[in-house]
Amino acid sequence: LESLQALDLSSDERQRIYGLMQQQSQRMQSLVTDLLTLAQLEGSPPPTTESRFALRPLLERLLADARALDDGQHPLEAHGLDDAEGWHLAGPEGEWHSAFANLISNALRYTPPGGRVQLRWCSLLDGGGEFAVQDEVVGIASEHLPRLTERFYRVDASRSRGTGGTGLGLAIVKHVLQRHGADLDIQSQPGRGSRFAIRIPASQLRR
């Protein structure tokens, strides 16, 4: 703002500064939104299993949102939607949507264009279920895996800034899963890709 007020700028220079201002404002908005989400999760009473919602429509909406967000940059596949038919998941739908969507957006954000991203739902033998997001390109070194759900933890800070992440997505996932007794399983190998899987206990699912 000081530059715009004090300097004699050309139209192109002024437009460049406007673009930078808008970019930084959007980053700050994303950061504040994620911090508010974490605060809400931490301050909310424990969820009950009384309210339930249909699982398949949520997965279909996540897939549609992912395709719109990605704009054709990655081959995006979904498996197991038919297996999700008839299942209902306990708790606030918004919390589960946030957890699932964060895994999807991370995969799309950190996978180079052209790399395949897969979404998969499967029912488990114990009555629970698993939602997994898998990519097949970059991968993460093993020493980083235990710290990925820490707030603001960066595997590669410069790359994270370039993709616009806040560093809070997996922290939000962890808090949601803790509230519902679910677990996050992370498997990754550098150069071969990563698989992030949410394992939901049978107590949270009902046919």
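Helices and strands here are DSSP runs, with at least four residues for a helix and at least two for a strand, numbered from the N terminus. With that in hand, start at Thr149, which sits in the loop between β5 and α6 (157–163). Keep in mind that this is a predicted model.

Is Thr149 buried or exposed? Its relative accessibility is 16%, so Thr149 counts as buried, the cut-off being under 20%. If you set aside neighbours within four places in sequence, Thr149 is in contact with Leu170, Ala171, Lys174 and Leu184. Leu184 is a handy one to follow, since it stands opposite Ile198 in β7. That takes us from the loop into the strands.

Before going on, step back for the overall picture. The protein has 207 residues, and 38% of them count as buried. Its secondary structure comes to 7 helices and 8 strands. Along the principal axes, the C-alpha atoms fill a box of roughly 70 × 40 × 35 Å. Take the contacts between residues at least 6 apart in sequence: 72% of these join residues at least 24 apart.

Now back to β7, which covers residues 193–200. How many of its residues are buried? The count is 7 of 8, so this strand is mostly covered. On one hand, β7 pairs with β6 (residues 183–189), antiparallel, through 7 bridges. β6 and β7 also make a hairpin, with 3 residues between them. In that turn, look for Gly191, which has a positive phi of about 85°. β7 pairs with β5 (residues 129–135) too, again in the antiparallel sense, over 6 bridges. To find that pairing on screen, use Val133, which stands opposite Phe196 in β7.

From β5 you can walk on to β4. These two strands pair in the antiparallel sense over 7 bridges, and Arg120 has Ala132 in β5 as its bridge partner. β4 and β5 form a hairpin as well, with 5 residues between the strands, and there Gly127 takes a positive phi near 95°. The next step, from β4 to β2, goes the other way round: β2 and β4 run parallel and are joined by 4 bridges. Glu77 and its bridge partner in β4, Gln118, mark the spot.

Strand β4 also holds Trp121, which is worth a closer look. Trp121 has a relative accessible area of 3%, so it is buried. What does Trp121 touch? Not counting residues up to four places away in sequence, its contacts are Leu55, Leu59, His79, Gly80, Asp83, Ala84, Gly129, Glu130, Phe131, Ile200 and Leu205. For a sense of how the chain comes back on itself, check Trp121 against Arg199: they are 78 residues apart in sequence but 10 Å apart in space, C-alpha to C-alpha.

Trp121 also helps line a cavity. A search of the whole structure finds 1 cavity of 30 Å³ or more, and the largest cavity holds about 60 Å³ of space. Which residues line it? They are Leu59, Leu62, Leu63, Ala78, His79, Leu81, Leu119, Arg120, Trp121 and Phe131. The elements giving two or more residues to this lining are α3 (55–70), β2 (76–79) and β4 (117–123). By type, the lining divides into 8 nonpolar residues, 1 polar and 1 charged. Arg120, already met as the bridge partner of Ala132 in β5, is one of the lining residues.

One more sheet is left to visit. It is open, has 3 strands in the order β1-β3-β8, and its pairing is antiparallel. β1 (52–54) and β8 (205–206) stand at the edges with a single partner strand each, so one side of each has no neighbour in the sheet. The link between β3 (residues 88–90) and β8 consists of 2 bridges, with the strands running antiparallel. Here Leu89 has Leu205 in β8 as its bridge partner, and Leu205 is among the residues that Trp121 touches.

Finally, α3 ties these last two stops together. The helix contributes to the cavity lining, and α3 also lies across β1 and β3, running at about 60° to β1.

How values were computed: Residues are numbered from 1 along each chain as its sequence is written. This is a predicted model: local features need pLDDT of at least 70, side-chain atom pairs count only at pLDDT 80 or more; totals for chains, interfaces and linings use all residues. Side-chain values use heavy atoms; hydrogens and water are left out. On a 1 Å grid over the protein atoms alone, a cavity is a set of points where a 1.4 Å probe fits but cannot get out, and a pocket is an open set with protein on both sides within 12 Å along at least five of seven lines; lining residues have an atom within 4 Å of a point. Grid points are joined across faces, edges and corners, and a volume is the space filled by probe spheres set on the points. Ala, Val, Leu, Ile, Met, Phe, Trp, Tyr, Cys and Pro count as nonpolar, Asp, Glu, Lys and Arg as charged, and the others, Gly among them, as polar. Buried means under 20% relative accessible area, exposed over 50%, partly exposed in between (1.4 Å probe, protein chains only). Contact means heavy atoms within 4.5 Å. Two strands pair if DSSP finds at least two bridges between them. Axes are lines fitted to C-alpha atoms, for helices over the stretch in contact, and angles run from 0 to 180 degrees between N-to-C directions.
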